[in-house]
Amino acid sequence: VGPKSLGVLEKIPVPGLSGADNDLNGLVDFGWWGIIAKPLFVWLKWTYRYVPNWGWAIVIQTLIISIALLPLRITQMKSMLKMQRVAPQIKSIQEKYKKYSLRDPRKAAMNEEISALYKKEGVNPAGGCLPMLIQMPFLFAYYRMLGNALDLRHAHWLWIHDLSSAEPFPYILPVIMIISMVLVQRMTPQAGMDPSQQRMMNVMMPLMMGFIFFRLAAGLNLYYSVVNVIGIAQQAVMNKTALGREMREMLAKRARKKEK
């Protein structure tokens, strides 16, 4: 009952329990994401030994995770670029079958043509979502870790007095998270989305996330804010590469056509 420390539980001998001398670690329930949350906490605790502040330990850990996931961000941009290249051909196929209803068996032929085109051009429609899917387990794992790790209770970082609880007014970290998320959205080329819909998503999505996060642990907001700030730097560099320039020019050209 109550908060539990892994360090204390590891030192308590419990003979006869599952045949192990120290088998009380399971009392700290990291939930479904325990397979990620517990190693993250052990890693964070190790970082804290060299950087004796939990907030800066989170910043360093987030930096390392973001750098490790950078190849996925590059893969995402390549996938989006390929999607943009084949978009006119896909539209042409869809126009050809537009006269048929959804229940018409000939609609299956349209899907087969699109799949064949994807295969020929080496396009993975889900490739653009992969980095986000990879990041989500880390986000959930941080949520579980901050809720169960005794060590982060009342841990200070700059103006934050407790990284394990929600930040009080004026909610500086949630605001930073929303602004940084807007910037990341605006800087990232978004394939296959109508410009007006894109503008709405660039505002509505960050506001929705901010509404969800502003009452969650400050440490979680710190993690996500740092992820976004690093994402801004990474995207700024990638936008200047040949791949980034080609992507942005292609999207700008398509936007000009729609305006006409």
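**A bent helix, two cores and an unusual loop**

Helix 4 bends by about 45° at V86, with a proline, P88, following within four residues. The model is a predicted one, and this kinked helix is a handy place to start reading it. Helix 4 covers residues 70–96, 27 in number. Bend or no bend, the helix reaches 39 Å from its first C-alpha to its last, which is close to the 39 Å expected at 1.5 Å a residue. Its buried residues are R73, Q76, M77, S79, M80, L81, Q84, V86, I90 and I93. V86, then, is both the site of the bend and one of the buried residues of the helix.

Next comes the packing. In soluble globular proteins, nonpolar side chains tend to be buried together. Here the largest nonpolar core holds 41 residues. Within that core, the members that touch the most others are L44, I58, Y142, M145, L152, L163 and L222. At least two core residues come from each of helix 1 (6–11), helix 2 (34–50), helix 3 (54–68), helix 6 (130–148), helix 7 (172–187), helix 8 (195–213) and helix 9 (218–239). The most generous of the contributors is helix 9, which gives eight residues.

Apart from this core lies another, made of 10 residues, among them I93, Y97, Y118 and V123. I93 has already come up as one of the buried residues of helix 4.

Back in the largest core, I58 gives a good view of who meets whom. Setting aside neighbours within four places in sequence, I58 is in contact with L44, Y142, L152, L163, G219, L222 and Y223. Several of these partners, including L44, Y142, L152, L163 and L222, also appear among the core members that touch the most others.

The loop between helix 6 and helix 7 has some backbone quirks worth a look. P170 sits in this loop, and the peptide bond joining F169 to P170 is cis, with omega about 20°. Y171 is found in the loop between helix 6 and helix 7 as well. Its phi is near 55°, a positive value in a residue other than glycine. With a relative accessible area of 24%, Y171 is partly exposed.

L158 is another resident of the loop between helix 6 and helix 7. L158 is not a glycine either, yet has a positive phi of about 50°. This leucine counts as exposed because its relative accessibility is 56%, and exposed means over 50%.

Key:
Residues numbered from 1 in each chain as written. Predicted model: local features only at pLDDT ≥ 70, side-chain atom pairs only at ≥ 80, totals over all residues. Heavy atoms only, no water. Core = buried A, V, L, I, M, F, W, Y, C linked by side-chain atoms within 4.5 Å. Buried < 20%, exposed > 50% of the residue type's maximum accessible area, 1.4 Å probe, protein only. Contact = heavy atoms within 4.5 Å. Expected span 1.5 Å × (residues − 1). Bend = angle between axes of the 7 residues up to and from the residue.
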